[in-house]
Each structure stands twice: as structure tokens, then as C-alpha cells.
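Work through these exercises with the model open beside you. Try each task before you read its solution.

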Amino acid sequence: MTYLTAPTRHIQVAGKAVAYRDLGEVTDAPTLVMLVHLAATMDNWDPALVDLIAAQRRVVVVDLPGVGSSEGDVATTIPAMARQVTDFIDALGLTEIDLLGLSMGGMIAQEVVRGRPDLVAHLVLVGTGPRAGVGIDRVTSRTFFYMARAALRRTDPKRYIFYTHDERGKAEAAKALGRLASREPRYAGDPMSVRGFLRQLVAIRRWGRDAHDDLSWVAPATLIVNGDQDMMVPTSNSYDMHKRIVGSELIIYPDAGHGSIFQYASRFADDLAQFLAS
């Protein structure tokens, strides 16, 4: 099985069917749960990256309530989304996990650790920032700006949101978007709804305007990852989190933006495996 052919499963959580995909070998290591970015469903994970990670461990990805193929409503606060994550993990019967969050998923992951510090063995924060971090309250305006720019050029907004705006970024975006487009319709989930997307924006805006967080309570082993030119959640947030989270590790990939782990899929998979084995 590859991620492009992995079936969508459903589990009942708080009376609603929550969609997820589960692949890779079950080992003694904790399952890696991956939380995706704003406006994304499970189909937006780079299949090349997921396959590389799943070759070494069990991986679970999920559409939270109201997203993609899941029933329910998108929560309008990041802490409420985190409670949806822990309810899902409990429903799966998992008592310890490794947790990776990309962008908005990284914000949610922080709140999962705050609420359930016993649950997470390793925390991976990718292209994200702390509560009230630099520029997080402007994610909404930047998102609409890049969506408009992409519409004018008749291309996918991810071209501008996830990759640098030079020729190298254009080439890297084409590779990754091509991999996403290779999923056959019979293996695809439902798309993100406009209503769900707007509710996510409300949650991020609230989180960005909340009180600043010193992150002193983050206890799990933590890896922070970003590109050196993240224009959605400024890279300075990654350096800030690294200073605040005691014992954390930091990886900044060169000539890369918000989608650094897709651009450097093979390298990141190796870096991730080394970190999770520690």
C-alpha cells in the first residue's frame, strides 16, 4: 500500500464519523499522528513524504470534524481543535503517540500537549509558531492575498503559500503539486468546504491575537522545522520556539518556504527518523 491508494477509514468520535488513513507497520514505537495545515484535507499530504515515513513506522493522518470526509463542525478555536484531536486519539485506543503538526496543525499540536502532556512522546512543529507569534494574526490576510495572486495566474495557491517566489520555488512547487495531483479520484476524500475554511481562519486569528505564550510547559522531546524563507508563518517564529522550548532541536532548510518538508521530503524523513529514535 502507498499513501496514494490508502483507504479512507471512519471511526465514531462524539457521535460523528471522523475520517482517517492508517498505514505503515505497527511496531513498538508510538504511532505518528500528523495534523495538516489550513484549508487542507488528508489529500494534501505529499504522498512521497508519507510513504517515506510510513516505511519506518505506523502513520495516522486525519480529517478533523467538519474537514474533508469527516462529519461535524470545524471548531473556531485552536484549543477546541486540540480537544477534537485527543478525542480522536482516545477513540483509536492510543495511549502514547508521536505528534507532528504542520502550520495550523502545529498550533493545534501545541495545544494537544498543553491539555494532555502525558499523551505525546515526541513533538514535531513544522512551519508554525507560538500563540501570538510574529505575523500569525496576519495569516488570514496573507492567505487571501496569495489566493488572489494564484487566481490571476491560474495556478494553485500552494505555489505561493508553500514555496519561494523565485524560479527554484516554481520548480519545486511543480514537483510537489504533480505528486498531489497523481491521486486517482477513487482514492480521494471530500474537499475542504468554504464554511470549514472560514471557521479555521477565525480560529487562527483568535489564536494569533491571544496572550503570548512562553512555552515553558512543553515537556516532550521537540523538533522544530522550517524553511529559511517562510512567508506564511515567518521563520523567526521557529527560532523563537527553539529558544523557549528547553532541549528542543531546530532544523532550517535552505532556499525553502512554508512547504520545506515537501521540498526536502527525503532529507526530512531521515531527519525525522533520527529524532524519533532519540
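The model is predicted. Keep that in mind throughout.

**Exercise 1. The largest cavity**

Find which elements each supply at least two residues of the lining of the largest cavity, and classify that lining.

Solution.
Step 1. Locate the space. The largest cavity holds about 120 Å³.
Step 2. Look at the residues around the largest cavity. Its lining has 16 residues, and Leu64, Val67, Met104, Ile108 and Gln200 lie nearest the centre.
Step 3. Assign elements. Strand S4 (59–63), helix H2 (78–92) and helix H3 (104–115) each give at least two residues to this lining.
Step 4. Sort by class. The lining of the largest cavity has 12 nonpolar, three polar and one charged residues.

**Exercise 2. The second largest cavity**

How many cavities of 30 Å³ or more are there? Which helix gives the largest share of the lining of the second largest cavity?

Solution.
Step 1. Count. There are two cavities of 30 Å³ or more.
Step 2. Size the second largest cavity. Its volume is about 60 Å³.
Step 3. List its lining. His37, Asn44, Asp46, Lys158, Phe162, Tyr163, Ala176, Leu177, Leu180 and Phe262 line this cavity.
Step 4. Find the main contributor. Helix H6 (residues 167–181) supplies three residues, the largest share of the lining of the second largest cavity.
Step 5. Sort by class. The lining of the second largest cavity has six nonpolar, two polar and two charged residues.

**Exercise 3. The largest pocket**

Describe the largest pocket by volume, lining and class.

Solution.
Step 1. Take the volume. The largest pocket encloses about 650 Å³.
Step 2. Find its centre. Of the 33 lining residues, Leu38, Ala39, Ala40, Asn44 and Lys158 lie nearest to the centre of the largest pocket.
Step 3. Match the lists. Asn44 and Lys158 also line the second largest cavity.
Step 4. Assign helices. Helix H4 (139–152), helix H5 (158–161), H6 and helix H7 (194–209) each supply at least two residues of the lining of the largest pocket.
Step 5. Sort by class. The lining of the largest pocket has 20 nonpolar, eight polar and five charged residues.

**Exercise 4. Two arginines in one loop**

Which aspartate pairs with arginine 58, and which with arginine 57? Are these side chains buried or exposed?

Solution.
Step 1. Start from the total. The model has 17 salt bridges.
Step 2. Take arginine 58. Its side chain forms a salt bridge with that of aspartate 22, at 2.6 Å from N to O.
Step 3. Place this pair. Arginine 58 sits in the loop between helix H1 (47–54) and S4, and aspartate 22 in strand S2 (residues 16–23), 36 residues apart.
Step 4. Check burial. Arginine 58 and aspartate 22 are both buried.
Step 5. Take arginine 57. Arginine 57 forms a salt bridge with aspartate 98, with the closest N and O atoms 3.1 Å apart.
Step 6. Place this second pair. Arginine 57 lies in the loop between H1 and S4 and aspartate 98 in strand S5 (residues 97–102), so the pair ties together parts 41 residues apart in sequence.
Step 7. Check burial again. Arginine 57 and aspartate 98 are buried too.
Step 8. Extend the picture. Arg9, Asp22 and Arg58 are linked in a network of salt bridges.

**Exercise 5. Classifying a further pair**

Arginine 116 forms a salt bridge with aspartate 118. Classify arginine 116 and aspartate 118 by accessibility.

Solution.
Step 1. Note the distance. The closest N and O atoms of arginine 116 and aspartate 118 are 3.7 Å apart.
Step 2. Apply the cut-offs. Under 20% is buried, and over 50% is exposed.
Step 3. Arginine 116 has 24% relative accessibility, so arginine 116 counts as partly exposed.
Step 4. Aspartate 118 is exposed because its relative accessible area is 57%.

Technical notes. Residues are numbered from 1 along each chain as its sequence is written. This is a predicted model: local features need pLDDT of at least 70, side-chain atom pairs count only at pLDDT 80 or more; totals for chains, interfaces and linings use all residues. Side-chain values use heavy atoms; hydrogens and water are left out. On a 1 Å grid over the protein atoms alone, a cavity is a set of points where a 1.4 Å probe fits but cannot get out, and a pocket is an open set with protein on both sides within 12 Å along at least five of seven lines; lining residues have an atom within 4 Å of a point. Grid points are joined across faces, edges and corners, and a volume is the space filled by probe spheres set on the points. Helices (H or I, at least four residues) and strands (E, at least two) are DSSP runs, numbered from the N terminus. Ala, Val, Leu, Ile, Met, Phe, Trp, Tyr, Cys and Pro count as nonpolar, Asp, Glu, Lys and Arg as charged, and the others, Gly among them, as polar. A salt bridge is a side-chain nitrogen of Lys or Arg within 4 Å of a carboxyl oxygen of Asp or Glu. Buried means under 20% relative accessible area, exposed over 50%, partly exposed in between (1.4 Å probe, protein chains only).
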